[in-house]
Amino acid sequence: MAVESPCISICKFDEKTGFCIGCLRTKDECKRWKKMKDKHRTRIIDAHHKRKATLKKHKK
């Protein structure tokens, strides 16, 4: 696996965004991570900052 999982073992999902508050992936992305191609994994990692901003906006 060239692109490592961003999991930090928090695994709590925000109800509004569907993102894990630890790694910022969706439940589906977490489940499928090992079978994903690196291209897809990289897209998820690259979306980290955008997802973090979305999560912060919905927490207000």
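## Surface and charge

The accessible surface of the protein amounts to about 4,700 Å², and carbon and sulfur atoms contribute 52% of it. This is a predicted model, and the values that follow are computed from it. Of the side chains, 19 are positive and 7 are negative, with the centres of the two sets lying 2 Å apart.

## Fold and dimensions

The protein has three helices and zero strands, so that, read from the N terminus, its elements follow the order α-α-α. The radius of gyration is 11 Å, close to the 10 Å that the globule rule gives for 60 residues, and the protein is therefore as compact as a globular protein of that length. Along its principal axes, the C-alpha trace spans about 35 × 20 × 15 Å.

Within the 60 residues of the protein, 27% count as buried. Among contacts with a separation of 6 or more, 46% are accounted for by residues 24 or more positions apart.

## The surroundings of T17

T17 is placed in the segment before α1, the helix that covers 27–32. Its relative accessibility is 17%, and because buried means under 20%, T17 counts as buried.

The side chain of T17 reaches the backbone nitrogen of F19 at 3.2 Å. When residues up to four places away in sequence are not counted, T17 touches T54, L55 and H58, so the description of this buried residue includes both a polar contact with F19 and contacts with T54, L55 and H58.

How values were computed:
Residues are numbered from 1 along each chain as its sequence is written. This is a predicted model: local features need pLDDT of at least 70, side-chain atom pairs count only at pLDDT 80 or more; totals for chains, interfaces and linings use all residues. Side-chain values use heavy atoms; hydrogens and water are left out. Helices (H or I, at least four residues) and strands (E, at least two) are DSSP runs, numbered from the N terminus. The radius of gyration is taken over C-alpha atoms; the globule rule is 2.2 Å times the number of residues to the power 0.38. Buried means under 20% relative accessible area, exposed over 50%, partly exposed in between (1.4 Å probe, protein chains only). Contact means heavy atoms within 4.5 Å. Accessible areas come from the Shrake-Rupley method with a 1.4 Å probe; for residues, only the protein chains shown count as cover. Lys and Arg count as positive and Asp and Glu as negative; His and the chain ends are not counted. The place of a charge is taken as NZ of Lys, CZ of Arg, CG of Asp or CD of Glu. A polar contact is a pair of N or O atoms within 3.5 Å; within protein, one must be able to donate a hydrogen and the other to accept it, and residues adjacent in sequence count only if both atoms are side-chain atoms.
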